[in-house]
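Trainee: Got a minute to go through this model with me? I'd like to start with how the chains meet.
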Amino acid sequence: MLQISKLSFSYGTVPVLQDISFHVEKGALCGLFGPNGSGKTTLFKCALQFMRNYSGSVHVNGCDVSRCKVDEVAQMISYVPQEHRPPFPYLASEVVLMGRSPYLGGIFGLSKEDEKIASDAMDLIGISELADIPYTMLSGGQRQMVLIARALTQKTQAIFLDEPTAALDYHNQHLVWKVIRDIADDGMTILACTHNPNHVSWYCDHAIIMNKNGIIGCGEPKTVMSQDILNQLYCGSCAIRKLDGIPLILPQDVICRSEVLTGDSM
Amino acid sequence: MSKMNYHVCNTSLLSGIRTKSQKKAILWALSFILLAISFFSITLGTYQISFIDIYVTLGKHLTPFFADASINKLYETIIWKLRFPRIILAVAVGMSLAIAGAVYQSVFRNPLVEPYILGVSSGAAFGAALAIVFSGMFLEVQGMAFLFGGIAVLASYFLASQRGETPVIMLVLSGVIISSLFMAFVSILKYTADTNALREIVFWMMGGFYYATWADVLYIIPVLILSFGILWYNSWKLNVLSMGDEEARSLGVNPERTKIIAVTLATLITAFSVSLVGIVAWIGLMMPHAARMLLGPDNRYVIPTAALMGGTYLIICDTLARTLTTHEIPIGIITSILGAPYLCYLIKTRGKTIFGGA
């Protein structure tokens with residue numbers, strides 16, 4: 001479905017991506033995981049054709065994205081940026097309606113049908129009551145939801161999310177991930193990059209793990225999120241524990257502290 | 001997602017206005033107000049002329065009737081050659097600056113930007129000053145103002161562009177640089193000019209419709225209609241562009257192409273306005289705000305609303321300018337004196353909602 005082959009990119013003489021190749025199945029929620037500076041954002045920018053001077057190729061459903069025009073790319077891949085405040089207080093419904101921009105046609109621009117698609121998308125993820133509120137007045141979590149609804153409105157084959165929960169509180173992080181999970185279960189192909197190893201192992205079907213040298217692990221989160229990989233990424237500062245069979249990645253010093261404390265009390 | 005809390009806030013002044021038909025009704029009402037004020041303004045002036053004479057004169061020229069009506073030649077000249085073109089020019093300039101302001105604010109993603117930000121006014125001031133000081137060389141003030149206004153904007157644009165991209169922050173910076181450079185040139189000319197020329201430069205820079213002619217009207221109207229049409233057609237893309245370049249690209253809007261079309265046309269109508277009537281302050285900053293307060297930030301409505309309000313505001317200001325005292329008052333003074341309190345009010349009361357509330 002989404003095929004990235006031998007993607008390389010450098011800023012001037014500084015190489016950022018070297019020979020990155022991976023594949024995402026249709027309907028899979030794929031987590032792109034790695035520390036700061038590992039090139040996740042650059043990878044997104046290349047795949048979305050924000051930057052076109054890369055080598056290698058990006059295919060969606062067998063179609064070479066680099067040969068497509070701006071609006072054609074936007075009909076294949078939608079992008080959910082990190083939530084932000086635009087300078088003008090557009091209504092949430094207007095922001096969602098912007099998802100129909102790749103299909104603008106004719107003198108009259110957006111049609112009734114476009115508006116229907118936008119309001120259906122808001123219904124689907126349960127935010128229709130936000131429609132008439134200015135986007136700038138919403139909380140971070142609500143803004144992220146509006147952006148996800150906009151991506152659905154674009155009716156693409158794949159959605160890219162750039163750290164969808166980085167700026168959100170704990171409760172909203174899980175609301176957003178749950179919605180992303182639901183969308184993937186409905187058959188959408190999703191690539192989401194994140195900093196949080198637990199989000200990858202809890203919600204994703206597939207994990208791609210990157211550091212400065214490129215992809216160091218790829219596969220099912222259960223197997224690929226191993227102690228070995230975590231050591232490579234975090235120099236041994238994290239460990240995996242299990243709670244009711246669910247993997248939990250914890251900082252090593254939290255584990256030590258808790259062991260010392262329980263030791264004292266005994 | 002019923003657990004998500006939300007609070008309802010009103011951003012538009014008439015927050016009840018949400019549906020398309022209500023918005024369209026407001027647009028029609030504003031058009032009507034513009035027409036009504038134009039037809040009222042033509043009856044005012046230092047020279048008292050009766051209503052009947054005024055409307056018979058207009059009827060004679062605008063309609064096939066009254067063709068053989070006999071009117072005092074002096075009245076006819078005042079109405080048809082002086083007041084009427086002046087009013088149309090005021091409407092056209094008000095519309096141009098308001099549209100340009102709305103477009104610039106979207107492209108620059110900043111509600112505090114005005115159409116002069118790329119240096120068109122200082123360039124035009126330099127061109128005009130050049131023509132005034134070297135009047136012996138038969139340079140035309142309007143032509144020179146237009147030429148140098150254009151040169152200044154092109155210089156800003158090229159200074160800001162790097163590798164086929166023009167980041168907003170670079171545009172603002174280069175606009176500041178080019179503006180201050182041309183203002184320095186203007187100062188040199190002022191310093192060396194004789195008293196009469198100096199007086200004329202100062203008057204030009206404060207703006208005014210004293211010399212409005214039918215020729216001016218015929219210059220600006222086609223440019224205004226064409227630019228308005230194309231900009232309005234692209235107004236949804238301007239909404240998308242104001243979310244940021246990369247986001248626009250991911251939504252299928254080519255940011256560079258949209259930016260260049262929008263900036264070129266907005267600059268063109270600004271340059272025409274400035275070269276015809278001098279520097280008229282505040283319209284381009286204030287009218288888009290007023291339009292957003294009334295109908296929300298969607299440019300499909302902001303552009304026509306700002307245009308109608310800008311036209312109306314400038315007629316009112318120009319009518320005051322020519323009737324308030326026995327001498328003409330430069331229009332820039334009136335637009336600023338009326339405009340500044342309004343913006344103070346905006347910042348004090350609605351700063352957060354109008355300016356994006358960061």
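Trainee: So how many residues of chain B are in contact with chain A?
Mentor: 31 residues of chain B are in contact with 38 of chain A, where contact means C-beta atoms, placed from the backbone, within 7 Å. This is a predicted model, where local features need pLDDT of at least 70, side-chain atom pairs count only at pLDDT 80 or more, and totals for chains, interfaces and linings use all residues. Residues are numbered from 1 along each chain as its sequence is written, with chains lettered from A and ligands numbered from 1 in the order in which they are written.

Trainee: Which element gives the largest share of chain B's side?
Mentor: That is α10(B), with 4 residues. Helices here are DSSP runs of H or I, at least four residues, numbered from the N terminus.

Trainee: New topic: in chain A, is helix α1 mostly covered or open?
Mentor: Mostly covered: 7 of the 8 residues in α1(A), 40-47, are buried, meaning 20 or more other C-beta atoms within 10 Å of a residue's own, with C-beta atoms placed from the backbone. Among them are Leu43(A), Phe44(A) and Cys46(A).

Trainee: And what comes just after α1(A)?
Mentor: Gln49(A), which takes a positive phi of about 65 degrees.

Trainee: Back to chain B. At what angle do α2 and α3 cross?
Mentor: Roughly 65 degrees, and the axes of α2(B) and α3(B) come within 10 Å. That makes the two helices roughly perpendicular, a label for 65 to 115 degrees.

Trainee: Which residues of α2(B) make that contact?
Mentor: Asp53(B), Ile54(B), Thr57(B), Leu58(B) and His61(B), facing Tyr75(B), Glu76(B), Ile79(B) and Trp80(B) of α3(B).

Key: Contact = placed C-beta atoms within 7 Å. Buried ≥ 20, exposed ≤ 12 C-beta atoms within 10 Å, placed from the backbone. Axes fitted to C-alpha atoms, helices over the stretch in contact; angles between N-to-C directions. Parallel < 35°, antiparallel > 145°, perpendicular 65-115°, else oblique.
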